[in-house]
Amino acid sequence: MNKYKKKKCGITGSKGVLGSEIIKSKKFKFIKFKGDITKKKEVNEWVKSNSFDLMIHLAAIVPVKKVIQEYNKAKKVNYIGTKNLINSIIKYETGLKWFFFASSSHVYNFNKSKIKETKKTSPISKYGQTKVLAENYIIKKMKNKKDINFCIGRIFSFFSNNQSNDYLVPSLKDKILQSKSKLIILNNLNQYRDFIKIEKIIKIIFFFYDKNYSGIIN
């Protein structure tokens, strides 16, 4: 029997690759945000009309190329959207005990050494910039909310069969399938990357919830 079945989990970004897989887990009673995260009124209405035990905030524009092309839109979604959500939680939500924010390794300036959570943030991309802004706002506003534990998960690289070619593993797969040559040329390989299956990322998020983990984790 699922002991969490009655726990109400608010989730943003439920239509994304990670969000849709989390929903499939049926671990909680999921309450999806179906509005526009950049519109304060819609966020307020959702938070005010529901009672949550936990919340998983995934709504974001992620592909790096897309963020570069539409930076203002990405900043509105990734940062202003997060700001709207945090403000609504502080104003209306009294039952929430745990908040998870999906951040990214892009908040760091990559090098050849292993990256610790204590490493100073220095965004490697415009996408990373939007995530740092969101992280800083969460920390600033939630650090004094003793009744809510917040977890910032800096996700590095995961892969799923449902990802588009905007992501590395699917794009490599497509290159291999489309190439008439036996030679595949890759650029910018001066960094270490580890890739985790999406199912494992989800298990890790649930593990942090089970532990009521609070803080920043890579």
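**Exercise 1. In which hand does α4 pass α5?**

Before we start: this is a predicted model, where local features need pLDDT of at least 70, side-chain atom pairs count only at pLDDT 80 or more, and totals for chains, interfaces and linings use all residues. Residues are numbered from 1 along each chain as its sequence is written, and side-chain values use heavy atoms, with hydrogens and water left out.

*Solution.*

Step 1. Find the helices: α4 covers residues 71-92 and α5 covers residues 126-142. Helices here are DSSP runs (H or I, at least four residues), numbered from the N terminus, while strands are E runs of at least two.

Step 2. Check the geometry. The two axes lie 9 Å apart, at an angle of about 15°. Axes are lines fitted to C-alpha atoms, for helices over the stretch in contact, and angles run from 0 to 180 degrees between N-to-C directions. That makes α4 roughly parallel to α5; the cut-offs are under 35 degrees for roughly parallel, over 145 for roughly antiparallel, 65 to 115 for roughly perpendicular, and oblique for the rest.

Step 3. Read off the hand: α4 passes α5 in a right-handed crossing. Right-handed means the near helix is turned clockwise from the far one by less than a right angle, and left-handed means anticlockwise.

Step 4. See who does the touching (contact means heavy atoms within 4.5 Å). From α4 the contact includes Y71, A74, Y79 and I86, and from α5 it includes Y127, L133, Y137 and M142. By class, this contact has 11 nonpolar, five polar and four charged residues. Ala, Val, Leu, Ile, Met, Phe, Trp, Tyr, Cys and Pro count as nonpolar, Asp, Glu, Lys and Arg as charged, and the others, Gly among them, as polar.

**Exercise 2. Work out how α2 sits against α4, then place S88.**

*Solution.*

Step 1. Helix α2 spans residues 40-49, and its axis comes within 9 Å of that of α4, crossing at roughly 40°. The pair is therefore oblique, and the crossing is right-handed.

Step 2. On the α2 side you'll find K40, V43, N44, W46, V47 and K48, which meet N84, L85, S88, I89 and Y92 in α4. Those residues divide into six nonpolar, three polar and two charged.

Step 3. Now zoom in on S88, found in helix α4. Leaving out residues up to four places away in sequence, S88 touches V43, N44, V47 and E93. Its relative accessible area is 0%, so S88 is buried (buried is under 20%, exposed over 50%, partly exposed in between, with a 1.4 Å probe and protein chains only).

**Exercise 3. Take the salt bridges and describe the partners.**

*Solution.*

Step 1. The structure holds four salt bridges, each a side-chain nitrogen of Lys or Arg within 4 Å of a carboxyl oxygen of Asp or Glu.

Step 2. One of them joins K24 and E21, at 3.2 Å, N to O. K24 and E21 are separated by about one helical turn because they're three residues apart in helix α1 (residues 17-24). An α-helix has 3.6 residues a turn, so residues three or four places apart point the same way.

Step 3. Compare the exposure: K24 is exposed at 55% relative accessibility, whereas E21 is buried at 15%. The buried residues of α1 are L18, G19, E21, I22 and I23. Just after α1, K26 takes a positive phi of about 55°.

Step 4. Another salt bridge links K73 and E70, at 3.9 Å, N to O. K73 is partly exposed at 48%, and E70 is partly exposed at 35%.

Step 5. D147 and K145 also meet in a salt bridge, at 3.9 Å, N to O, and D147 is partly exposed at 35% relative accessibility.
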